[in-house]
Amino acid sequence: MSNLKVLGGKPLRLQPYPAWPVHDERDTRAVAAVIESGQWSGLPYPGPKAKAFAEQFARMQGGALAVPLASGTAALEVALRAAGIGWEDEVIIPAYAFQAIPVATLAAGAIPVIADIDPGTYCIDPEQVKLSLTSRTRAIIVAHLGAQLTDMDAIMEIADSYGLVVIEECSHVPGAKWHNQGAGTIGHFGAFSMDSGNILTAGEGGMLLCRTRDLAEKALSIADDGRPKDVTQDNFSLGTNYHLPEIQAALGLVALERLPEQIKQRADVVAYLEEGLSKLPGIRLLRTDIRHSVRSFYRYIFAIDRQAFGAEHNVVCFALAGEGIPCDPGYPAMHHYDLFQPWLSHLPVPSAFPERFQFEKLHFPEVERISEEEAVWLDEAVFRAGKPGIDDVINALKKLQDNRGEMQQLEEMRMKLFGLR
Ligand SMILES: Cc1ncc(COP(=O)(O)O)c(C=O)c1O
């Protein structure tokens with residue numbers, strides 16, 4: 001008789017963790033008010049709700065100018081285009097992040113150049129950024145990941161020395177601060193997604209924080225079919241429609257009301273989680289940096305040692321999920337995403353520079369180990385089930401370790417299934 005649920009045993013946790021997104025009558029009222037107002041979209045753009053959402057978002061994150069957009073992917077593309085980055089320009093991107101980053105880079109007409117990550121934070125490693133610089137480098141996109149922030153001091157020092165634009169991808173960390181400065185306000189741009197998986201969600205949507213008025217006007221114009229935003233200009237520029245709909249903005253405003261309390265709730269239990277995790281063998285916590293003055297949690301990511309569990313992270317996550325703990329093994333390594341490789345698309349950049357997309361020849365040791373063996377991403381829901389919810393996480397991990405033989409059996413099955421031996 002097996003003990004692990006995935007092999008036929010009883011699960012450790014029976015009741016589900018709280019669902020996401022959370023909602024109450026405020027969301028319903030906000031949506032109904034937009035419907036009844038008759039103003040469903042913003043022309044002139046932004047509409048009243050999108051404008052209010054952007055202003056409050058900028059206040060929450062700390063002062064930069066905010067441009068409301070249709071999505072986080074659009075925010076990254078618009079940032080690059082507003083900065084004048086395009087054909088033959090190189091943009092350094094992290095080896096561990098969501099695919100939207102290279103996709104937006106390609107959409108802007110630039111070449112993504114992958115740099116490996118820091119195993120202590122899983123964010124881009126400034127030393128690897130330096131090694132990736134060429135005379136064509138124009139920008140660095142950093143991704144603040146899970147609950148970690150990139151070392152922004154080191155990134156800004158490199159950017160200032162080489163005259164580069166910095167875009168912070170902040171979808172995971174609204175509310176987080178570095179040296180008490182809001183994430184997304186340190187670089188030239190901060191891009192946020194409000195899709196329904198993210199912790200500040202409007203269902204869909206994006207926000208772009210811009211360091212200067214000039215950049216914000218350019219970004220707004222690009223997202224508004226090229227309508228001029230600078231009063232000295234009366235001509236359309238090349239833009240597209242990346243409007244944030246009014247209904248989404250109304251939901252975003254309610255989400256902003258909730259965010260401070262949610263950040264506090266997660267922060268209140270994280271010490272308890274970290275204490276429990278650090279007592280378990282074979283678990284390494286990511287680095288907490290004193291400069292990271294306010295933490296905000298999208299996922300809680302930690303590293304496992306496969307020896308302690310008898311299996312690598314895919315199997316650990318599969319078995320943990322069976323025990324009732326919502327988690328996943330995270331992103332693949334950026335050079336293993338195959339969706340933007342030239343033979344799979346006729347996109348202009350990969351077609352024009354196929355030699356820059358021979359990712360199978362590239363090797364990034366840190367991200368390969370992390371994405372193939374080590375990373376476990378706990379779902380944010382574990383923070384919303386109080387200390388008993390955290391206890392279940394720790395006890396489920398213990399259960400896996402106590403049943404190492406069954407875990408090894410699962411690992412053997414995985415190896416056979418994928419022809420790994
Ligand atoms: C977690 C996450 N979700 C989504 C996105 C993309 O945003 P969207 O889905 O709004 O286009 C990103 C951007 O990199 C992201 O990091």
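**Exercise 1. Place Asp289 in this predicted model: between which strands does its loop run, and is the residue buried, exposed or partly exposed?**

Start with the secondary structure. Asp289 sits in the loop that connects strand S10 (283-285) to strand S11 (299-304).

Next, count neighbours. Asp289 has 16 other C-beta atoms within 10 Å. Buried needs 20 or more and exposed needs 12 or fewer, so a count in between is partly exposed. That makes Asp289 partly exposed.

Last, get a distance to another part of the chain. Asp289 and Ser193 are 96 residues apart along the chain, and their C-alpha atoms are separated by 25 Å. Hang on to Ser193, as it's one of the closest residues to the ligand.

**Exercise 2. Work out which residues and elements surround the ligand.**

Step one is the head count: the shell holds 14 residues, and the closest are Ser71, Gly72, Thr73, Ala100 and Ser193.

Step two is to ask which elements give two or more residues to that shell. These are H3 and helix H4 (100-107).

Step three is to sort the shell by chemistry. You get nine polar residues, three nonpolar and two charged.

**Exercise 3. Describe the surroundings of Asp195: which loop holds it, and what does it touch?**

First, the loop. Asp195 lies between strand S8 (189-193) and strand S9 (206-210).

Then the exposure. With 16 other C-beta atoms within 10 Å, Asp195 comes out as partly exposed.

Now the contacts. Setting aside neighbours within four places in sequence, Asp195 is in contact with Ser71, Gly72, Thr201 and Glu204. You've met Ser71 and Gly72 already, among the closest residues to the ligand.

Finally, a longer hop: Gln248 is 53 residues from Asp195 in sequence, and the C-alpha atoms of the pair are 10.0 Å apart.

**Exercise 4. Find the largest nonpolar core and look at the contacts of Leu208.**

Begin with the core as a whole. It has 127 residues, and those with the most contacts inside it are Leu69, Val78, Ala79, Tyr96, Leu208 and Ala219. Helix H3 (residues 72-82) supplies the largest share of this core, seven residues.

Now zoom in on Leu208. Not counting residues up to four places away in sequence, Leu208 touches Ala66, Val67, Leu69, Ala75, Val78, Ala79, Phe189, Ala191 and Ala219.

**Exercise 5. Explain why the buried residues of helix H6 end up on the same side.**

List them first: Met152, Ile155 and Ala159 are buried in H6 (residues 152-162). They cover an arc of only 65° around the axis, so they fall on the same side of H6.

Flip to the other side of H6 and you find Glu157, Asp160 and Ser161, which are exposed.

What do the buried residues of H6 pack against? Their partners are helix H5 (126-132), strand S4 (137-143), strand S5 (165-169) and strand S6 (177-178).

To finish, look just past the helix. H6 is followed by Gly163, which has a positive phi, near 65°.

**Exercise 6. Track down the cis peptide bonds in the loop between H1 and H2, and two non-glycine residues with positive phi.**

Take the prolines first. The bond from Leu43 to Pro44 is cis, with omega near 0°, and Pro44 belongs to the loop between helix H1 (25-37) and helix H2 (48-61). The bond from Tyr45 to Pro46 is cis as well, with omega near -5°, and Pro46 also lies between H1 and H2.

On to phi. Glu88 isn't a glycine, yet its phi is positive, about 70°. You'll find Glu88 in the loop between H3 and strand S2 (90-94), and its 12 C-beta neighbours inside 10 Å make it exposed.

His179 isn't a glycine either, and its phi is positive at about 50°. His179 is in the loop between S6 and strand S7 (181-182), and counts as exposed with 11 C-beta neighbours inside 10 Å.

**Exercise 7. Check the overall fold: does the radius of gyration agree or disagree with that of a compact globule?**

Count elements: the protein chain has 14 helices and 13 strands.

Compare radii. A compact globule of 421 residues would come in near 22 Å, and the protein chain has 22 Å, so the two agree. The C-alpha atoms fill a box of roughly 75 × 55 × 40 Å along the principal axes.

Then check burial: 48% of the 421 residues are buried. Round off with contacts between residues at least 6 apart in sequence, of which 70% join residues at least 24 apart.

Methods:
Residues are numbered from 1 along each chain as its sequence is written. This is a predicted model: local features need pLDDT of at least 70, side-chain atom pairs count only at pLDDT 80 or more; totals for chains, interfaces and linings use all residues. A nonpolar core is a set of buried Ala, Val, Leu, Ile, Met, Phe, Trp, Tyr and Cys residues joined through C-beta atoms within 7 Å. Helices (H or I, at least four residues) and strands (E, at least two) are DSSP runs, numbered from the N terminus. Two residues are in contact if their C-beta atoms, placed from the backbone, lie within 7 Å. A residue is near a molecule or strand if its C-beta atom, placed from the backbone, lies within 6 Å of it. Ala, Val, Leu, Ile, Met, Phe, Trp, Tyr, Cys and Pro count as nonpolar, Asp, Glu, Lys and Arg as charged, and the others, Gly among them, as polar. The arc is that of the directions from the helix axis to the C-beta atoms. The radius of gyration is taken over C-alpha atoms; the globule rule is 2.2 Å times the number of residues to the power 0.38.
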